[in-house]
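User: I'm new to reading protein structures and would like a close look at one part. Could you walk me through the strands and sheets, and then how they link up with the rest?

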Amino acid sequence: MPTYSQDLPVLAAAEVVVLGSGSAGSTAAIAAARTGADTLLVERYGYLGGTSTSVLDTFYGFYTPGRDVARVVDGIPWEIVERLKSYDMVLERPSSYGAGQAVTYDPTTLKVVWEQTALSSGVRLLLHTFCVDVLMDGERITGLVVASKQGLGLIKGRVFVDSSGDADLVFRSGAPFEMAGTDGHEAQSLTTTFRLGGVNLERAQAIKRDELISRMKAANISGDYRLPREEGSIHATPLPDVVVTNMTRVTNVDATNPLELTNAEVEGRKQALEYTRFLREQIPGYEGAYLLNFSTHIGIRETRRMWGAYRLTREDVLTTRKFDDAVAQCGAPIEDHNASSSTRWEYVPDGDTYDIPFRALLPQGVDNLIAAGRCLSADHDAHASVRSMGQCMAMGQAAGTAAALAAQSDTAPAALNISDLQARLRADGALFSGATVLSTTA
Ligand SMILES: Cc1cc2nc3c(=O)[nH]c(=O)nc-3n(C[C@H](O)[C@H](O)[C@H](O)COP(=O)(O)OP(=O)(O)OC[C@H]3O[C@@H](n4cnc5c(N)ncnc54)[C@H](O)[C@@H]3O)c2cc1C
């Protein structure tokens with residue numbers, strides 16, 4: 001661990017400090033503040049939402065896939081959807097492949113929804129602040145070392161939530177983790193998403209998935225195009241004549257390595273232009289389409305996964321295991337984006353869910369840290385199921401509530417009474433162990 005040559009100025013202090021404002025972190029901060037803790041949310045970019053506002057426009061994980069569609073996430077995550085609905089910026093649609101009914105939203109509006117919900121819940125925000133290290137006292141984190149335009153500074157806290165996506169706090173505090181790509185599975189590929197305007201939706205949607213794939217294959221065989229992924233989704237949005245795509249594929253990248261990530265950004269945008277050209281030239285309905293924007297940065301699916309007090313496994317997912325310390329649940333399939341031209345899907349039994357145990361959010365060897373979101377403790381395949389934003393938000397609600405209760409009672413999160421935590425979560429709308437709130441038809 002590096003030492004610092006001068007006393008760092010203390011920029012802020014809070015009972016609960018949440019690092020990273022993605023789906024997990026924003027929800028965690030809202031939950032912690034509503035549970036009564038003085039809460040600070042620290043984010044490197046100038047807005048909240050992480051992947052939900054930088055890269056994507058569709059929440060998966062709220063609904064189970066298959067015939068018996070049920071909503072399996074409620075509480076703060078569903079409140080976010082309701083707030084988006086109040087702006088008329090939600091389009092619920094059957095999933096294009098079967099990841100479950102999709103909740104498509106306008107990401108620009110979501111930026112405002114995240115920050116207004118956080119602020120009205122009492123969260124303090126610190127944007128444009130990058131955490132580069134932690135200070136430790138034995139097995140406790142005492143502060144985050146952060147970088148900003150003013151140089152290095154310190155943020156002190158009692159309990160910390162790692163919702164950085166990349167498990168930065170787990171890594172810096174020395175808690176065990178597994179790096180994607182080192183366990184016999186390739187790290188999941190990266191994707192630059194892009195939005196097109198000027199699409200004739202009626203004609204575009206008449207082209208079914210199989211037809212799109214066969215035209216992609218033919219385009220590659222012709223030698224006139226280079227399309228690494230011969231599938232991918234294009235879907236309508238709440239905005240007229242605007243579609244969003246998830247098509248590009250950049251493989252074998254360690255996204256925590258800035259040089260590799262730089263190359264991936266360049267490659268992702270190059271591919272996005274190539275897919276745009278293909279759509280315009282080969283698919284009816286896209287003749288007049290124009291590129292509106294790329295994702296703010298390339299989308300990263302998998303980097304460090306914490307190796308916590310419990311590690312969620314592929315078997316837990318496929319056997320829909322329930323846990324005594326459940327704090328959230330998931331019915332989404334294993335969705336593995338690898339270097340091949342297609343994607344591997346494996347489904348949990350129809351309409352069923354598995355639990356996410358609280359121990360999968362707790363690190364080993366660090367007393368005052370909780371992880372939430374895509375850096376939770378899970379093996380590669382379990383991670384490929386549990387990483388949808390519906391579940392990241394549900395984990396965030398659990399982590400934020402637990403962090404606040406731990407900070408207020410001056411106890412370690414691992415020492416909390418799990419029944420009390422579960423009762424509090426249930427009272428705030430969280431669902432687990434098979435509970436659902438709504439059946440609907442996709
Ligand atoms: C291309 C792609 C397509 C996907 N498609 C879908 C989909 O359609 N639907 C779905 O539900 N899920 C989808 N997923 C999965 C899902 O989006 C992610 O698993 C989820 O958004 C992760 O949320 P998170 O809160 O854990 O992390 P993130 O959303 O990545 O948030 C992490 C936040 O932490 C901040 N941060 C990181 N490090 C630091 C630091 N050191 N200092 C300060 N701030 C920091 C980041 O800026 C960011 O705001 C997709 C993922 C990808 C990449």
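**A close look at the strands**

Analyst: Let's start with one pair of residues: glutamate 92 has valine 103 as its bridge partner in S6. Keep in mind that this is a predicted model. That residue pair belongs to S5 and S6, which pair in the antiparallel sense over 4 bridges.

Now zoom out a little. S5 and S6 sit in an open sheet of 3 strands, and its order is S3-S6-S5, with antiparallel pairing. Which strands are at the edges? They are S3 and S5, and each of them pairs on one side only.

S5 and S6 also turn up when you look at the domains. The domain assignment of the protein chain gives domain 1 (10–185 + 302–439) and domain 2 (194–294). Taken over C-alpha atoms, the centres of these two domains are 29 Å apart. Where they touch, 19 residues come from domain 1 and 18 residues from domain 2. On the domain 1 side, strand S5 (90–93) and strand S6 (102–105) each supply at least two residues. The largest share of that side comes from S5, with 3 residues. Sorted by class, the side of domain 1 that touches domain 2 has 6 nonpolar, 8 polar and 5 charged residues.

Next, hop over to another sheet. This one is open too, has 4 strands in the order S13-S14-S12-S15, and its pairing is antiparallel. Its edge strands are S13 (233–236) and S15 (290–294), each pairing on one side only. On average, neighbouring strands here are turned by 25° against each other, direction ignored. If you want a single pairing to look at, try S13 and S14 (residues 243–246), which are antiparallel and share 4 bridges. Within that pairing, histidine 235 has valine 244 of S14 as its bridge partner.

Then there is the run of S8, S9 and S10. S8 and S9 (residues 140–148) run antiparallel and are joined by 7 bridges. One residue pair to find is cysteine 131 with its bridge partner in S9, valine 146. The hairpin of S8 and S9 has 2 residues between the strands, and glycine 138 takes a positive phi near 60° there. Carry on along the chain and S9 meets S10 (residues 151–162): these strands run antiparallel as well, with 6 bridges. Here glycine 143 is matched with lysine 156 of S10. S9 and S10 form a hairpin with 2 residues between them.

What about the ligand? It is surrounded by 39 residues, and the closest are Gly20, Gly22, Gly50, Gly299 and Gly373. Two strands you have already met, S3 (58–59) and S8 (130–137), are among the elements that give two or more residues to this shell, as are helices H1 (23–34), H2 (51–54) and H11. By class, the shell has 13 nonpolar, 19 polar and 7 charged residues.

H11 leads us to one last stop. H3 (residues 75–86) and H11 (residues 389–409) pack at an angle of about 125°, and their axes are 7 Å apart. These two helices are therefore oblique to each other. H3 brings Gly75, Ile76, Pro77 and Ile80 to the contact, while H11 brings Gly390, Met393, Ala394 and Gln397. Sorted by class, the contact of H3 with H11 has 5 nonpolar, 3 polar and no charged residues.

Notes:
Residues numbered from 1 in each chain as written. Predicted model: local features only at pLDDT ≥ 70, side-chain atom pairs only at ≥ 80, totals over all residues. Axes fitted to C-alpha atoms, helices over the stretch in contact; angles between N-to-C directions. Parallel < 35°, antiparallel > 145°, perpendicular 65-115°, else oblique. Contact = placed C-beta atoms within 7 Å. Nonpolar A, V, L, I, M, F, W, Y, C, P; charged D, E, K, R; others polar. Near = placed C-beta within 6 Å. Domains from an automatic or database assignment. Pairing = 2+ DSSP bridges.
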